[in-house]
Each structure stands twice: as structure tokens, then as C-alpha cells.
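Biologist: Could you take me on a close look at one part of this model, and then show me how that part fits into the rest? I would enjoy one connected tour.

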Amino acid sequence: MLRTVNRIAVGLVGLILVAFGGSVLAVGLGAHPPSWWIYDGRHDVLLSRADRERWRDDGWWWPAVIAVLAVCVLLALWWLVAQLRRRRLSEVLVDTGDGEGALLRSRALEGVLAGEAESLDGVERAGALLTGRRSTPRVRMGLVLAPHAEPGTALRRISEEALAHARDSAGLAALPAEVRLRAVKHRAERVT
């Protein structure tokens, strides 16, 4: 979700800046702007004094400006907090049984989970992501199932085999998981 919002926001801002900057450059180089454009020619300013002071005496002007700026600030803060918050867990605390603990890189555990899930019958591709805290991790998995796979069977085997092995090998009391299933795209079979 965050990656999509980032791409859309950066794309829209970039498109607006390129369009506006390109139009300013074109008019500055001598192109004739349309009659409805905000300035008329190469020696015109973007906002004249009359344009800047046009709505200043209207009662709705300042509340509208403040509301738009407040929304922009809130959206910028939301975006900044979303960028700074880390979603992926970097390491998992493994109980070694002697009172000490060992740190396991989460990418290693994610790779093992995905590999074991892909080895199951009916699973074409798998991906795993560890989130949460290092002492209580959670797993988000995405599975792409083959056309012949039964979702219930695949989910049961993921839970009983791959997730159970990961939970036991890391010495965790529980390993909650969210598994998203999708079917691989395939052609329709002909019936004769």
C-alpha cells in the first residue's frame, strides 16, 4: 500500500511540475499561450497584484486557504510517519534454552518459510514477511496456488508444516500468520 501511494503521489507531483514548468518555459521562449492561461506573454508575471488581492476581502477566502494548507500539512505528516515506520522485522530472538538468546536474521527465516511453502504440492510461488517484535514475530505470507490445488489443503499444510517448523526451530510459543491465497492465471480448459 505504501509503495503504491508513494508512486502515485510522486507521479502526480512530477506530472504537475513538468506541465507547469514546461508551460512557463514555452511562454518564456516565445510561444503564444491560450487566452484562458494565467499569464499572457514573456514579460507577464504569474500572479499580478490584482490577482493576489482579488479574494482577500471575501469571507470565505482565509478559511479556505487555511483548510487547504492544514490538509496539506496533515498529508505530509502522514506520509513522513509512514516512511519512518519500519514494517519488516530485521531479526528474531531465538530462545537457546540456556537463558541466553541468539539473534536470527529475519530474511533467513523468511527465505526458509517461502522455500518450504513452495515445496508443498499445489503451491507455485510463495513469499513471507516477518513483522512485529523480535520476541513475538508475526508472519504475512502470500501463496500463488496451482490450478489443481485445493486452498483448504494448502492452508492446512502451510500451518501444520512450514509455520510449525519455523515456530519450533525459533523456539517461539506462538507464530501468528496471515496467509493470502491467489490462484495462478491459466487458460480455460476445453470441454468436449
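**A close look, starting from one residue**

Modeller: Gladly! Let's start with Arg49, which is exposed, with a relative accessible area of 57%; that puts Arg49 past the 50% cut-off for this class. Please keep in mind that this is a predicted model. Arg49 belongs to helix H2, which covers residues 49–52. If you step along to Ala64, you move 15 residues in sequence, and the two C-alpha atoms are 20 Å apart in space.

Now for the wider frame. The chain holds 5 helices and 5 strands, and their order along the sequence is α-α-α-β-β-α-β-β-α-β. With a radius of gyration of 28 Å, well over the 16 Å that the globule rule gives for 192 residues, the chain is more spread out than a compact globule. Its C-alpha trace spans about 75 × 65 × 35 Å along the principal axes. Of the 192 residues, 21% count as buried, and the accessible surface amounts to about 14400 Å², with 60% of that belonging to carbon and sulfur atoms. Charges are plentiful enough to list: there are 26 positive and 21 negative side chains, and the centres of the two sets lie 4 Å apart.

The part I would like to linger on is the paired strands, beginning with S3 and S4. Strand S3 runs over residues 123–132 and includes Thr131, while S4 takes in residues 137–145. A hairpin of 4 residues connects S3 to S4, and the two strands pair in the antiparallel sense over 9 bridges. Thr131 makes a good place to stop: its bridge partner in S4 is Arg138. Thr131 counts as buried because its relative accessibility is 11%, and the limit for that class is under 20%. Leaving aside residues up to four places away in sequence, Thr131 touches Arg87, Leu89, Pro137, Arg138 and Arg140. So the partner Arg138 appears among the contacts of this buried residue too.

Arg140 leads us on to another strand. In S5, Glu178 is the residue that stands opposite Arg140. S4 and S5 run parallel and are joined by 7 bridges, in contrast to the antiparallel pairing of S3 with S4. Strand S5 covers residues 177–183, and Ala177 lies in it. Ala177 is partly exposed, with a relative accessible area of 39%. Again setting aside residues up to four places away in sequence, Ala177 touches Val139 and Leu163. From Ala177 to Leu163 is 14 residues in sequence, yet the C-alpha atoms are 8.1 Å apart in space.

Earlier in the chain there is another pair of strands to visit. S1 (residues 91–95) and S2 (residues 101–105) run antiparallel and share 5 bridges, one of them linking Glu91 with Arg105. Here the hairpin has 5 residues between its strands, and Gly97 in the turn shows a positive phi of about 90°.

To place these pairings in the whole chain, consider contacts between residues at least 6 apart in sequence: 47% of them join residues at least 24 apart. As you turn the model, you could follow Thr131 across to Arg138, and then Arg140 across to Glu178.

Key. Residues numbered from 1 in each chain as written. Predicted model: local features only at pLDDT ≥ 70, side-chain atom pairs only at ≥ 80, totals over all residues. Heavy atoms only, no water. Rg over C-alpha atoms; globule rule 2.2 N^0.38 Å. Buried < 20%, exposed > 50% of the residue type's maximum accessible area, 1.4 Å probe, protein only. Contact = heavy atoms within 4.5 Å. Areas by Shrake-Rupley, 256 points an atom, 1.4 Å probe, with all protein chains shown as cover. Lys, Arg positive; Asp, Glu negative; His and termini not counted. Charge placed at Lys NZ, Arg CZ, Asp CG, Glu CD. Pairing = 2+ DSSP bridges.
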